[in-house]
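Me: I should like to learn how to read the features of a protein model in order. Could you take me through this one step by step?

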Amino acid sequence: MLVCIDKITSVRMYYLIQDAWNKRITELESNLSKIRDPQEVIYQQRQIRWMKDTQMAVVISEEQGEIDKFRKWALDIKPHRQLIKNGFETDDQKRLDIESAFKKESHPFRVAIVCAMWLTGFDVPSLSTLYLDKPLKAHTLMQTIARANRKNEGKNNGLIVDYCGILKNLRAALATYAGRGDEGHGGDEGGRDPAKPDEELLADLVESIAFVRSFLHEGNAPLDDIIHQTGFARNAAILAAKEVANQNDETRKRFEVMCREVFKKFKACLNVSGINEHRNEYDSINIVYRSLQEDKDLADISDIIQKLHGVVDQAITTNSERIGESTTAYDISKIDFERLRKEFERSSSKNTTVQNLKSVIEKRLRRLLMQNPLRTDFQKHYEEIVEEYNREKDRLTIEKTFEALLLFVGALNEEESRAMREGLDEESLAIFDLLKKPELSAKDGKRIKQVSVELLRILKEEKLKIDHWRDKESTRDAVRVAIRDFLYSDTTGLPVDSFTDEDVDAKADLVFRHVFWAYPTVPSPVYA
């Protein structure tokens, strides 16, 4: 958000920013051909797409005679006013007001240029940067700064870029509204400045860095190796630091918390003399932290499988004389985990490999549980593996965990393909699992599959298509009754010989609760 001194300046800044923005896109596109690192190319392409998608808007209040006023500056306020009144058009041809769009993190409206609107009483937790080009004082200044200072996912604090020197006003406002302890509130006269002195801020930063240094030193991965080494040696030092952090879930969380404290306190010292003496330490800690986050974000089971393929490739030789001979299918369940364990034993990054594999499994497991509520046994099994891993830290436990996680991946693969084996899709499989009972005959199992498919089809075509059906008691009851009537019906419902009235009531309730959660809209976002 950019706060301008007046309305005319707000509109002028809109066009200046647009011009600079488009020039930057052109510059990035022209530099793509010069980049040799494939990962850097992907990053730049993603940045270009993000910049092209980004939308900006001027948000200012309306006044009498504004068209002529702006025309004197060779500016047209009409398209901006139209956007403020009508909002943005959505993919479904509806309109979304600008306030809701700016608060919605997924919406491409990412740059707002304001004058007086949205400075107070406007809450956007994801707002990251506030540019101030307007003198502000007292409560208006405090509330404006608060706009960017809300915590949000991936954000501990906001960044204030001050173009007009409001620090003095900020100190006065803090002294006034923060008070003076037991003496109550004070103004400029005698009010204590609640902002920490520069030397204290710097001391806090030094202390936070020392905690990280001590943590890595205990694991025999000194931070100085990352700072002073270059090339492959530096890469090895970064990997060693990640291994120390990845000993188990607790150590990783503790390391990440310590890193974020360093980042927060470094930002607080940006204007403090002597901050550059600690920049190399900050950069080195940041690169380890970012590498850990990239492992978590980019972890892909295919990458791990490729590494396993590499193990297999080294162990296979071809014999041309036997080409054309009849062969039997190889039972992959008999894979030599002892050999894989030995290969894993040679790895210099066991902890990181296990953490990456855990990240992959957690993403897949989360999706499978969302799609089918009866898969909790997989969650329980996974938690037992992780609990044992976190309880011990020796080499044998890490290798045992790796084997257990690989076997667990195989079990997830089996579960993901179960719908196909049952002749259903994922959505119908969830209903089928809720309706079935132990020890059913093959005939009853086939009937329940038909019930699952047909019940879901009718609900999606009729009851669940009503906008916001979950919000009204009447529409909720209509869905609940439709499920119950369908399951009770002699022609469409559950087998009478195998299900009592109490069974049908219980199953109808289970299906309704699943439908209520999984189908806020049709198609369901859970199965998208």
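The dialogue below goes from the overall make-up to individual residues.

Me: Where should one begin, and how many helices and strands are there in the protein?

Reply: One begins with the origin of the coordinates: this is a predicted model. The protein contains 22 helices and seven strands. Of its 528 residues, 38% are buried. The exposed area is about 31600 Å², and carbon and sulfur atoms supply 51% of that area.

Me: What do the contacts in the protein say about residues at least 24 apart in sequence?

Reply: The share is taken among contacts between residues at least 6 apart in sequence, and 67% of these join residues at least 24 apart.

Me: What is the strand order of the open sheet, and in which sense do its strands pair?

Reply: A sheet is read from one edge to the other. Here five strands form an open sheet in the order β2-β5-β1-β6-β7, with parallel pairing. The edge positions belong to β2 (55–59) and β7 (159–162); each has a single partner strand, so one side of each has no neighbour in the sheet.

Me: Which strand pairs with β2, and over how many bridges?

Reply: The partner is β5 (residues 109–114), joined to β2 in the parallel sense over five bridges. Within the pairing, Gln 55 stands opposite Phe 109 of β5.

Me: Is β2 largely enclosed or left open by the rest of the structure?

Reply: Position in the sheet and burial are read separately. β2 is an edge strand with a single partner, yet four of its five residues are buried, so the rest of the structure largely encloses it.

Me: Which strands does helix α6 lie across?

Reply: Packing of a helix on a sheet is described by the strands it crosses and by an angle. Helix α6 (residues 138–146) lies across β1 (2–3), β6 (129–132) and β7, and runs at about 145° to β6.

Me: How is the span of helix α10 checked against what it should be?

Reply: The expected span is compared with the distance between the end C-alpha atoms. Helix α10 (residues 231–245) has 15 residues and should span 21 Å at 1.5 Å a residue; its end C-alpha atoms lie 22 Å apart, which agrees. Its buried residues are Ala 237, Ile 238, Ala 241, Lys 242, Glu 243, Val 244 and Ala 245.

Me: How many disulfides does a search of the whole structure find?

Reply: The search finds zero disulfides. As for the burial of individual cysteines, Cys 259 is buried at a relative accessible area of 0%, and Cys 269 is likewise buried at 0%.

Me: Which residues have a positive phi without being glycine?

Reply: The general expectation comes before the cases. Most residues other than glycine have a negative phi, and most peptide bonds are trans. In this model, Ala 74 has a positive phi near 60°, and Trp 118 has one of about 70°.

Me: Where do Ala 74 and Trp 118 lie, and is each buried or exposed?

Reply: Ala 74 lies in the loop between α3 (66–71) and α4 (78–86) and is exposed, with a relative accessible area of 70%. Trp 118 lies in the loop between β5 and β6; its relative accessibility is 8%, so it counts as buried.

Me: Which peptide bond is cis?

Reply: The bond from Val 522 to Pro 523 is cis, with omega near 5°. Pro 523 belongs to the segment after α22.

Me: With which residues is Tyr 519 in contact?

Reply: Tyr 519 also belongs to the segment after α22 (501–518) and is buried, at 0% relative accessibility. Beyond its neighbours within four places in sequence, its contacts are Glu 427, Leu 456, Lys 460, Leu 464, Trp 469, Ser 524 and Tyr 527. Tyr 519 and Trp 469 are 50 residues apart along the chain, with their C-alpha atoms separated by 9.5 Å.

Me: How far apart are Arg 367 and Tyr 527 in sequence and in space?

Reply: They are 160 residues apart in sequence and 8.7 Å apart in space, C-alpha to C-alpha. Arg 367 is part of helix α15 (residues 350–371) and, at 35% relative accessibility, counts as partly exposed.

Note on methods:
Residues numbered from 1 in each chain as written. Predicted model: local features only at pLDDT ≥ 70, side-chain atom pairs only at ≥ 80, totals over all residues. Heavy atoms only, no water. Disulfide = S-S within 2.5 Å. Buried < 20%, exposed > 50% of the residue type's maximum accessible area, 1.4 Å probe, protein only. Helix = DSSP H or I, 4+ residues; strand = E, 2+ residues; numbered from the N terminus. Expected span 1.5 Å × (residues − 1). Pairing = 2+ DSSP bridges. Contact = heavy atoms within 4.5 Å. Axes fitted to C-alpha atoms, helices over the stretch in contact; angles between N-to-C directions. Areas by Shrake-Rupley, 256 points an atom, 1.4 Å probe, with all protein chains shown as cover.
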